[in-house]
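Me: I'm new to this and would like a close look at one part of this structure, the place where two helices meet. Could you then walk me from there to the rest of the fold and the ligand?

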Amino acid sequence: MTDRDPDENGWLSSSQAWLDRMPDTGDFAREFILDSLMVQRALGSRAATMLDVGCGEGRFCRMMARHGVQTTGIDPVGPFIDQARSRDPDGRYLTGYAEALPFDDGDFELVVFYLSLMDIEDIHLAIREAVRVLGPGGTLLIANLTSFFTSNGTIGWITGEDGRRHHPLGRYLEERADWFEWDGVRIRNWHRPLGTYMSALLAEGLRLTFFDEPAPVGGPTDRVERYAETPFTMLMEWVK
Ligand SMILES: C[S@@+](CC[C@H](N)C(=O)[O-])C[C@H]1O[C@@H](n2cnc3c(N)ncnc32)[C@H](O)[C@@H]1O
């Protein structure tokens, strides 16, 4: 994984647009669906040290640092790491890939993938690496897009014969990457069936201790109603 194109998935060229559109409170999914549950599970793990893989501009590290957790964030995109460091000068942020973590075995009590697994090219290697850097009994916390949602790819919404709008599945069992574009961001995301993620996690000997497909708590009514039509996030907690 050494000679990688630094913009292989569009995140480097999209980094400024992403920074411009992401408030510190997070977007809808983060602010009203995932953040509180992610913090609750992370604190529940009682971990004193956390690695956030695909940390972006470091928002979740900053949230956990406020709870006294010693945080490390890693992301391949230099501008995200620069931003993370400038917003949190005491934090520890490194550029690097999930597939080759520059840490020793057992360095962390908690490893997090917060909406980053679907961006990562080799999840088998990334999960193996996450498990390697976890200490015995450590927790792996994952927020990801649901596979039902990602299978839609670029089909988007369609109007059914009943006149209602639907967000259909598409080639669910076929693993593939699609490019998506919105608000100046153009990135590549992977669709993988849920079974691919579960098998990769089980193959590392992890034990599933929590699973949820959370509903929004609060948020603008139109977004909440749209989410009820097509929920798109899930949260899993695994223990080594
Ligand atoms: C949707 S963003 C999420 C960022 C952050 N976790 C958050 O919730 O705001 C996905 C992140 O995954 C990162 N990423 C993509 N490929 C990666 C890889 N191979 N290893 C680590 N991070 C990767 C991207 O650079 C990007 O910052």
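**Where two helices meet**

Reply: Let's start with helix α1 (residues 11–21) and helix α4 (residues 78–87): their axes come within 8 Å and cross at roughly 35 degrees. Keep in mind that this is a predicted model. Why quote those two values? Because two packed helices are described by the angle between their axes and the distance between the axes. Now for the residues that touch. From α1 you get W11, L12, S15, W18 and L19, while α4 brings P79, F80 and Q83. Sort them by class and the contact of α1 with α4 has six nonpolar residues, two polar ones and no charged ones.

From there, move on to the sheet. It is an open one with seven strands, and if you walk across it you pass β3, β2, β1, β4, β5, β11 and β10 in that order, with mixed pairing. At the edges sit β3 (92–95) and β10 (207–212), each of which pairs on one side only. Neighbouring strands in this sheet are turned by 15 degrees against each other on average, if you ignore direction.

As a quick reminder, strands of a sheet pair through backbone hydrogen bonds, either parallel or antiparallel. Take β1 (residues 49–53) and β2 (residues 70–75) as an example: they pair in the parallel sense over five bridges. Within that pair, M50 of β1 stands opposite T71 in β2.

Helices pack on this sheet too. Helix α2 (residues 28–44) touches β4 (108–114), β5 (134–145), β10 and β11 (233–239), and its direction makes about 10 degrees with that of β11. Helix α7 (residues 194–203) lies across β5, β10 and β11, and runs at about 15 degrees to β11.

Last stop, the ligand. It has 19 residues around it, and the closest are G54, D75, A98, E99 and Y114. By class, this shell splits into ten nonpolar, four polar and five charged residues. Two of the closest residues deserve a zoom. A backbone N or O atom of G54 lies 2.8 Å from a nitrogen atom of the ligand, and a side-chain N or O atom of D75 is 2.6 Å from a ligand oxygen atom. N9 joins in as well, with a polar side-chain atom 3.3 Å from a nitrogen atom of the ligand. On its own the ligand has 590 Å² of accessible area, and the protein covers 97% of that.

Conventions: Residues numbered from 1 in each chain as written. Predicted model: local features only at pLDDT ≥ 70, side-chain atom pairs only at ≥ 80, totals over all residues. Heavy atoms only, no water. Pairing = 2+ DSSP bridges. Helix = DSSP H or I, 4+ residues; strand = E, 2+ residues; numbered from the N terminus. Axes fitted to C-alpha atoms, helices over the stretch in contact; angles between N-to-C directions. Contact = heavy atoms within 4.5 Å. Near = heavy atom within 4 Å. Polar contact = N/O pair within 3.5 Å; in protein donor to acceptor, adjacent residues only side chain to side chain. Areas by Shrake-Rupley, 256 points an atom, 1.4 Å probe, with all protein chains shown as cover. Nonpolar A, V, L, I, M, F, W, Y, C, P; charged D, E, K, R; others polar.
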